[in-house]
Each structure stands twice: as structure tokens, then as C-alpha cells.
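Biologist: Before I rely on the terms used for this protein, I would like to see how each of them is earned. Could we go through them together?

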Amino acid sequence: MSSLGAQMLSPLESGHRVWEDPSFIKWRKRDPHVTLHCHESVGGSLKYWYERNKVDVLVSKSAVWNDDAVQGALDSAAFWAKDLPFVKSLSGFWKFFLAPSPTKIPMKFYDPAFQDSGGKLCQTHGFDRPIYTNVVYPFPLDLHTFLRIILLAAIEHASKFLKNGRDSRLPAEFEITDYCYPYDSGKNNVLAVQVLRWCDGSYLEDQDHWWLSGIHRDVLLLAKPQVFITDYFFKSNLAENFTSADIQVEVQIDSTREIPKDKIFGNFIIEGALYDTGSWYSSDGSADLLSSKVADIALNPSFDPILGFLGYVLVGKLEKPKLWSAEQPNLYILVLTLKDASGHMVDCESCLVGIRQVSKAPKQLLVNGCPVIIRGVNRHEHHPRVGKTNIESCMVKDLVLMKQNNINAVRNSHYPQHPRWYELCDVFGMYMIDEANIETHGFHLCGHLKHPTSEQSWATAMTDRVIGMVERDKNHACIISWSLGNESSYGPNHSAAAGWVRGKDTSRLLHYEGGGSRTTSTDIICPMYSHSMGNSSGNIDEYWEAIDGTFGLQGGFIWDWVDQGLLKESSDGSKHWAYGGDFGDTPNDLNFCLNGLTWPDRTPHPALHEVKYVYQAIKVSLQESTIKITNTHFFETTQGLEFSWAAHGDGYELGSGILSLPLIKPQSSYDIEWELGPWHPMWASSSAGEIFLTITAKLLHSTRWVEAGHVISSTQVQLPPRNQITPYVIKAADATLSTETIDDTVRVSQQKFWEITFNIQTGTIESWKVEGVPVMNKGISPCFWRAPTDNDKGGDENSYYSRWKAARIDNLKFETRTCTIQNTTDHLVKMEVVYVGIPGDEDSSSAQNALFKVDMIYTIFGSGDLVIECSVTPSSDLPPLPRVGVEFSLEKSMAQIKWYGRGPFECYPDRKAAAHVGIYEKNVGDMHVPYIVPGECSGRADIRWVTFQDKDGIGIFASTYGSSPPMQMSASYYSKAELDRARHNKDLQGNDIEVHLDHKHMGVGGDDSWTPSVHDKYLVPAVPYSFSIRLCPITAATTGLQIYESQIQN
């Protein structure tokens, strides 16, 4: 084999520094083509797809996100090659050697006798370290300095030495027949792969993701005959009324020896057929797969080779095709066969195909003639344990979650993804933008360098990446648009790539946002929107008010799907999700990789509820006296849905039932006069202060992605008030108060029921006991600060956080200027406290530097009610405030929270459309939202009343009072100071329960996370505010609703 080794001499071994040459993109690599399966027969191909398509929500339940994922990845690699007799998976535990630089490569590392270190993968298995950057390249911006080389050697079959191509996200295929020992030689073959961590291609792969090295996709050995099918392109042309489709398949035949085309034509037969998968799973499992054929596709011998295609063209016709869309993902199996002159099978290939039409009209993207709405997300390939490696159940989990949350489109950000991902999107029904592996974001910071998109020397590398993507993925129905990449400025290399795509594929649109909407390289404007970093996704409902109401707006793709945290072991052996810098990686962009709607293990963030709500296709609205129910689907009727209604008065159910509706066709609506609905009698007889009607749509039958009963749409509307509500003013009751003054404290009590102790020097409550049980141990004090969110920090010196810090709002202390007892009777105690809020490092006498003046009047009634009237006067030169409210601390035992307001999940003033008004109950620990980087969290919006009780029902009640509007409420074991201080959720320790009741709370924002982007209406300007809060003791004998209703008179 030494002579063969010499024949395989790599350019690397010749001394040429190919990793610094952008024009050198491949060596001995075969041209790109569709994924090949190498079937032995037509029946074998159909059985293969029959098994592969048996994927549903049950598969997602086996998704693994911990160390078990390593075996899961190996199992998936084996599954993807199962039932393919001429495909062998070489994925597994490879021997591994890490060299420090290209010049330190061990000689003859590919020799079977070479002593390697033995290992598994790369950075996620202890070799070197992961690096996270968003824009900055983690290596110098020149072509002469690189850091690492990774060498991998397999244990058994294949070639002696192979050099990969440049694109790390597309397959590199090599013919190795001449370099293998024969089967019966008694010798083992060795596959040795040399992988460079950095090369010139790395400049084109500056995506906002972890830099991880190694072979993260399958290694396969394929066996093909001497004459074989090497590529094919399925095309369908639908009749104007969509009643038939003309089928055309361009097929390329390859040979290991030079055979003229006419010889192949004379000695081989090329045939094709379409099989309908629709009936495969309706039987008892013994489906006759061969009988599902619906169209033959035959060779067109008179085909005129135009546009340079020199292969073979098969044609056919399909009558009454079942069209593919995300709503109805009808699929066919295309099977191609190559037979010899005697009819014996030589080669067989197949793939999933869908019949659909993608086109454009003025300001519209059309699928099957309809301007579909793109309810999308961007998705990186990311796993917290195995990095960029894919696992079948985890990909299915992504799709199941997306479909369950009304997501119908995905943008592959920002590179071609695993071939199985496309098959799954075809099967589940997911519109896709397929994106080339091109991003040069780091060049934006280097104006002195010419951009690769304008450099002729980079043209080949850029176009090769686009061509490779299109050639591999061209038969997938889910792809409605190609993308030339992301954040790579704009130049003639884009134009060249766009020209090739338009010439190759006229059946899809083209996208590239880098040059704006006026270039020849894009048909659609498709920017990423709603940056979901931490506690974010504010005002997304306003996006969708605009999208639903504006011609030419058809949706978008949220950034992004998953928090890209990696599992890291702590010193105590526990594991947590790590981000940039946690591995000692420099440079890094910290936690900017945590932008997901889900955590790394796909647990949904609270914001995903909001996304599901704005993405729901069944819309319900109350317009004057009419409830309008609209089906915004384009292909699905409401036949498979069950509608129900529920009416709630002051939080408690008044009635519910099935809502009988006629079938609503796509893009149609049905109106109900609300006074004629089945809920009206309950409304008419109720004395509730406010009544809400909720209309819900559930699936009647199980689908591939969810079980029957799943809620696809739920909308709450407030019905007109039946009675005029007048806030009730609490009056002095007959109960006698006991007031006792000792030194600086005033103790007010009512027999043994409750006792409040005030400090008359500070004006704060030192303790509150109910039936002898300590309830409150600190408070009540003004509060204007919150633990900053990621969005609060966006914008450097212009960020809200920087402006708050500059104004020293983060370090306030409240000095008591006056504390006077204004009135004391047997039934009432009234006390006024005047605070000034000054920076914590200021002297207490610096009243002229006060940032806030707060007047608080406490009125204690014999009933046990404590009414607090707050008047806040901020300094006029302060920036918008984080919050305006009060805070206090409760004993840890007051852990059971029940509230009447929005919920049950976390919500904020600009992210609450999905949160219905109702009565909810949670434990304090469950209120906490464990964002990987802690900050403001656990809030609930529009709170009318809330109770905090121990296991015996003892605690306190709080509500708005008088004409004050509903509050923002949060309760947490973690103080705002601790949330601000902690860098990871694991760092939180917790103590007593810190409660915030806010008259005003700033929105969380979400347009982006690098500018101050909270919308004006959700800001809290520094102006005077007045509000009132009521608190009172509560026991198990009383409910929060009873106390609340006692302060409302009809």
C-alpha cells in the first residue's frame, strides 16, 4: 500500500499552506449532490421510508440532554443507516490526537501503528475548550496565524488519508475504492482524517454560535455499482387550477469508467415512480407499499439538453395531486431505478417529495397560490452535551414543540443542517429557509480590510458553499426559499451566487438581507426579529397587530429557538449551563449566546406562551356587540377542532361548555352576537365586578406532533360590565384596637388575631403577626430598582442599566424625614411617613441631592386592614424608572401564593397578551424563572389581589385600593440584590420571601438586546405618581376573593 499512499499525497504534505489559501476549497472531493441511500430494490426503498416516517410525538419523549446524549448520538447515527444494505455508518468512538499547530503534525499519523491518545469527540469531551463569540473572530484577522489541528483515526474500514473540503456544514465525499485492501486480503483498512480547527474557511463561518471543532455529523461508507445514479432533481409543475402536476426528474448517471452517454442509454434502463404515503399507516401495519404507486415517470428520449444539463430527464403526470404545505404536509416517495439491458436492478435511489408551488406576487410570498403567514423561528443546531452533534429524538422534540406552539416555519441559522432535519420538516410540515454557511460578521469591525464578499479570491469559496447547499437539499418540499447566508455585508460574490441559484432552481424564492431590499439577490425581506435573550420578547403582540393588519407583511423568524448553553461541571460535581467565558475562552461574548425561547433542554421559557398566542391561527375578537371567530389558515378548515367557552366572574367560573359552530373554511370567519351566546345567562345573573369570556379551540384527534385535546388557540375577552362598580371605602369597624408605644416602636393589635409593630423612627413595619404567627419581618418601603435584565443592559452607556447606574438608582437608601402619628382612636390608627431616596454613598444630610420624595400614609383599621397611600415625586432629571412600588419581606413559611390577575406564567406589561386573567396558585419556589443569567423575573401582571399564606392558611392579603389600577407583583426567595449579583442561576442561595407590589413596572423589551428598545408606552417616566394598596391578615377561614369583594360595592 505504500505506492497508494504516495498517490494520495496531500497538498498539506507537499508544504503548501492550503489552510491560508481561500482559492483552495477541495481536493479529490466529489461534486455535491443529493443525499444517496443506495437501496437494493424498490420494495426495500419503500420499506425504508415506511420505517423512517413512523416518527411522532412519542419519539420526542425520549430526547436526552445529559451525558446519555453521547450514546443517543451513536444510536441515531446507526438508525439513520438502518435498512440501507449498501451504507455503513462509521460513526462511533474514534481515536484522537490533538496537535498544537499545523507544523506540529506527527509524521505518518495515518499509519495503523501510530500511537494516538484515544478519545471521543472534541471540546465537549475535555479536549481544548469551546469558544463563544458573536462578532469578533477568536483568531487574528490575517491569513498567517492559526491555533490548532485535530487528527482523528478510525479503528477500521476506509482510506488511508483524506483531506476535507472547506464548508464545515456540508458533506465531503471521496471515492476510495483504489485505496482499500480487498475484502479477502486479511488486512484491515484505516481511515485517518486531518481536521484543522482554523483555516481560511473559518472567516466565512463567523456565526453567532459556539466555535466547536471536529466531526460532528455522520461518517458513512457507501457502496455503489460501476454505473450508478449520482444525482437527481425532482420538479413539479402544477396546472393553473392545481388539479394535476407535470413531473420532471433530471437524473445524472456516473460511472467508475469512461462510458459514452449513448452506451449507457443503450445498455441501461432508467425508470421512476411516485408512491403515495397517505395510506401507509391507516391499516394494521401490513400495508401493501408497492400498491401505493400513483404515477410512473419514464425517460424522455427527445429531451433537448438546455441550460447545460447533460443528464437524463424523466417525465410523468400526476392527476389530483395532494399538495404539500405546512398545514397539510402530504408527501410522496420518488423512487428511481437503474436496470441493465436484461432488466436486473443495478441501482436504486429514493427520497421524499412534495407537490407544491412557491411563487411571488406584488408584496406577497405565495405557497400553492396563497399568501401564507410565516410564524417562524431561527434555529441553530445545538445540544447542551454534544454541541453541534444531532440526535433523532432531539430534532423531533424541536419540531414537536414548534408545532405545539403554532410555529410553522424555521430558518436554518446560519448554515445547512443535518440531512435528517429536512426530512423531518417535510414530514411534520414546516416551511424552511435553507441558508448557506456564510457569515463574515467580524469584518464589520475592520474597515481597513477589504471584505471577502467583494474579493475575487473569495468568490469560488462563497459560491461553492451556496452551490453545495442547493445541490444537496434541492428535493425537499419544506424549503420555500434559499438564503445566501447572514450578516456578510453585500458584494459581487453574492450577486454571482444569486445568479447561479436563479439559474438552477426557479421553483423557490431567494433571500439575503445583507444588502437590503433593493438588490438582485433577494426576493423577500426577512430579518430576524424579537430578540429573545433572557426575560425578553416584549411587545411581540404589537408586531403581530401590524402583521395581521398590513398588506405585504407576512410574518418573520424570531431570534432564536434555544439558549445555547453548554453543560459544565462545577467544582462540587453538579452541572450547570455555561456561556461565553465560563471555559476560560478568550475572547468571548459572555451570555449573548442565550437568546432562546427554550432552555438548552428545550424546557419552554415563559415567552413561548406569548409566541404561541400571537402565532395562533384561530383568532377571536370582541368588536362592539359581536364576537368574531376567524380561521386564518389557508388550507385547513375547523373540521378537526372542538370549540369551548368558559365565563369567569372576578376569577371564579360562572359556567362553561362546548361551543357549537358551523365549519369555518380557511380565511373565513363566523360572528356571534355576544348577548345571544350560551354565556349570557351567567353574565346577566352575576354580581361580579368584571366578567371574562374565554374561547378555546382543541384538536379532536391526535396528530403526528401532539395528542388529542391539545389547545391550539385560546383567547380571553372582557365582556361589558353589567353593573357600575364603585370602589368601597373601608370604614372604622366596631372592633377595638389596642395601641401601645414603647420607646421607638408602636404596637397595634386586635386581641390575639393580629399584631403590627411599627418603628416610629424609620416609619417601617418591623413585624406583622397573625394569630401569633410571624408573617412579615421587614417592610414596607418604597422601591424603584429591579435586578437588570439582559435587555436592560443593551446599549452600552446608553442602556437603561448604565443610565440607572449613572443616576445611582441602583444604590438608593431611604432616609426618614418625618414620621408622625396623625390620629389614634379605638378603631383607627393613622400615621404619615415622609422618605427621601438618596444615593447610598451620600451623607444623610444631603437632602438637596434626593432622587425621590415619597409620602406614605398608613391607616390601620380595627378590621385588620392596613391601607397605604403612596405619593411619589422623582427628580425630574432621572431616566425612565425600572419600577414604582413598594417592597417587603415575608417569612419563608408564607410560601403559598394565590392571586387574581394575569397568569399562570410569568408576564410583564409588554408581554401579557397570552396570560389570561384568572385566579392562580403557586409555591414561591415555582414562581422563580431560572434564566441562566439571573435578573428580574417571576413577575405577574394586572394583579387585583394576592394572598401569601403558610401551610395552615395563615398569612396576609394584598390588593389595590380605591381607584388604583391593578398591580405588577413578584415574590421570590431571591432578593433583587442577589439576582443582580449572581452570574448563574446556580449561584442563587435564597432567604426570606421578597415581595414587590408595583404601581408601575417598565416593560422587558425585546426588539433587540443591544439598544434601549422598550417601547415608549411601556416606559415609566420620572414623574409624580400616587397609588394605594390594601393589606390585611388572612386565615384558612377566609378566601382572597371574599376579602376582595368586601371592598367593592355594586
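Modeller: Let us begin with pockets: on a 1 Å grid over the protein atoms alone, a cavity is a set of points where a 1.4 Å probe fits but cannot get out, while a pocket is an open set with protein on both sides within 12 Å along at least five of seven lines, and lining residues have an atom within 4 Å of a point. Grid points are joined across faces, edges and corners, and a volume is the space filled by probe spheres set on the points. By that reckoning the second largest pocket has a volume of about 1300 Å³. This is a predicted model, in which local features need pLDDT of at least 70 and side-chain atom pairs count only at pLDDT 80 or more, whereas totals for chains, interfaces and linings use all residues. Residues are numbered from 1 along each chain as its sequence is written, and side-chain values use heavy atoms, with hydrogens and water left out.

Biologist: Which residues lie nearest the centre of the second largest pocket?

Modeller: They are Glu327, Pro329, Glu636, Thr703 and Trp705, out of a lining of 44 residues. The elements giving two or more residues to that lining are α7 (419-428) and β33 (711-718).

Biologist: What is the mean pLDDT of the chain?

Modeller: On the predictor's scale of confidence in each residue, from 0 to 100, the chain has a mean of 90, and 92% of its residues reach 70 or more. Over residues 1-7, however, the pLDDT is below 50, and it stays under 50 over residues 143-165 as well.

Biologist: Why is Val946 called buried or exposed?

Modeller: Buried means under 20% relative accessible area, exposed over 50%, and partly exposed in between, with a 1.4 Å probe and protein chains only. Val946 has a relative accessible area of 0%, and is therefore buried. Among the residues that Val946 touches (contact means heavy atoms within 4.5 Å), not counting those up to four places away in sequence, are Ile897, Trp899 and Leu997.

Biologist: What makes β27 and β28 a pair?

Modeller: Two strands pair if DSSP finds at least two bridges between them, strands being DSSP runs of E with at least two residues and helices runs of H or I with at least four, numbered from the N terminus. Six bridges join β27 (residues 618-623) to β28 (residues 626-631), so the two strands, which run antiparallel, meet the criterion. They form a hairpin with two residues between them, and Glu624 in the turn has a positive phi of about 55°.
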